[in-house]
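Biologist: I have the sequence and the model open side by side. Could we go through the salt bridges, the cavities and the confidence in turn?

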Amino acid sequence: MSTRTRIAFLKGHGTENDFVIVPDPENSIDLPPAAVAALCDRRAGIGGDGLLHVVRSAAHPEAQHMAAEAEWFMDYRNGDGSIAEMCGNGVRVFAHYLQRAGHVAEGDLAVATRGGVKSVHIAKTASDSGSAAGDITVGMGRARLPEGDVTVTVGERSWPARNVNMGNPHAVAFVDDLAHAGNLYEPPPFSPASAYPDGVNVEFVVDRGPRHVALRVYERGAGETRSCGTGACAVAVAAARRDGADPAVTGSPVTYTVDVPGGTLVITEQPDGEIEMTGPAVIVAEGEIDSEWLETFVR
């Protein structure tokens with residue numbers, strides 16, 4: 001990286017789940033965990049819940065096998081520099097960046113992630129309006145519901161939680177008051193430990209109305225965030241099963257409105273199990289990273 005004098009970046013968010021975006025089509029920028037954490041630092045860096053490393057699938061060893069299906073790979077990193085399988089809000093922002101950069105047009109496209117190839121639809125209104133924001137729908141795949149009881153604890157309170165896997169693990173707990181989640185500075189304890197050997201995203205959920213819920217979320221590797229796309233999907237599935245709705249049984253789609261601290265997402269589960277998430281994506285800034293500063297975290 002020492003031969004590079006300028007490294008472009010952008011800053012974007014999806015329902016206030018915010019990201020540093022680093023375009024790097026040929027995968028030529030070294031981004032070890034320490035560098036990612038430095039870029040995502042809100043005081044000493046650019047600041048973000050995570051980092052979207054934009055790479056052509058053919059240029060990344062983890063994505064080459066998906067290159068025939070998806071030209072672009074979302075090499076997603078958590079704010080602490082750790083690698084994550086998938087980020088639903090991140091995919092929307094990733095797609096919006098690709099459109100802004102002229103790599104794709106409105107309509108359908110495929111994005112490779114560590115959680116598999118995701119189908120994305122960019123609404124024409126995003127470009128027709130001339131606005132930086134526009135609804136983007138992401139095919140999030142199917143939820144898996146591992147068996148076994150899980151318990152989540154905050155202080156003296158404990159709740160049963162639904163184990164939902166959206167390509168990454170979630171524990172969904174329905175509570176009476178979102179304040180009961182506490183400050184979420186630290187990962188909420190869960191049991192049994194064997195349920196989530198690599199850690200877990202924990203959602204605390206309250207009802208707002210018929211098929212309308214609100215959540216707070218602790219994302220592993222990031223802490224409490226303003227939004228979590230896979231978490232919203234996990235919550236919608238858990239709420240539907242709690243409410244006795246299973247599209248695979250009824251043959252009819254089920255849609256939930258999910259309020260997150262940073263906005264609103266609409267989640268639809270289809271009869272074949274496919275889950276679609278619709279919400280906004282915004283690019284707020286772009287600039288250049290001081291490569292000499294970044295190199296101090298690469299050595």
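Biologist: With which residue does R6 form a salt bridge?

Modeller: This is a predicted model. R6 sits in strand β1 (residues 6–14), and its partner is in strand β18 (residues 282–290), 282 residues apart. The closest N and O atoms of the pair are 3.6 Å apart, and the partner of R6 is E288.

Biologist: Is E288 buried or exposed?

Modeller: Exposed means over 50% relative accessible area, and buried means under 20%. E288 has a relative accessible area of 53%, so E288 counts as exposed.

Biologist: Which parts of the chain does the salt bridge between R226 and E16 tie together?

Modeller: The two side chains meet at 2.8 Å, N to O. R226 is partly exposed at 39% relative accessible area, and E16 is partly exposed at 35%. The pair ties together parts that are 210 residues apart in sequence, because R226 lies in the loop between β14 (223–225) and α4, and E16 in the loop between β1 and β2 (17–23).

Biologist: Which residues are joined into one network by salt bridges that share partners?

Modeller: A search of the whole structure finds 18 salt bridges. One of them is between D18 and K11, with the closest N and O atoms 3.3 Å apart. Both D18 and K11 are buried. The network joined through shared partners consists of K11, D18, R42 and D49.

Biologist: What is the volume of the largest cavity?

Modeller: The search finds 2 cavities of 30 Å³ or more. The lining of the largest cavity divides into 5 nonpolar, 5 polar and 3 charged residues. The volume of the largest cavity is about 90 Å³.

Biologist: Which elements give two or more residues to the lining of the second largest cavity?

Modeller: The second largest cavity holds about 30 Å³ of space. Its lining has 7 nonpolar, 1 polar and 1 charged residues, including A236, V254 and I267. The elements that give two or more residues to this lining are α4 (229–242), β15 (254–260) and β16 (263–269).

Biologist: Over which residues does pLDDT stay under 50?

Modeller: The protein chain averages a pLDDT of 93, and 95% of the residues score at least 70. One stretch has 12 contacts beyond four places in sequence in the model, and pLDDT stays under 50 there: residues 126–133.

Conventions: Residues numbered from 1 in each chain as written. Predicted model: local features only at pLDDT ≥ 70, side-chain atom pairs only at ≥ 80, totals over all residues. Heavy atoms only, no water. 1 Å grid on protein atoms, 1.4 Å probe; cavity = no way out; pocket = protein on both sides within 12 Å on 5 of 7 lines; lining within 4 Å. Points joined across faces, edges and corners; volume = space filled by probe spheres on them. Nonpolar A, V, L, I, M, F, W, Y, C, P; charged D, E, K, R; others polar. Helix = DSSP H or I, 4+ residues; strand = E, 2+ residues; numbered from the N terminus. pLDDT = per-residue confidence, 0-100. Contact = heavy atoms within 4.5 Å. Salt bridge = Lys/Arg side-chain N within 4 Å of Asp/Glu carboxyl O. Buried < 20%, exposed > 50% of the residue type's maximum accessible area, 1.4 Å probe, protein only.
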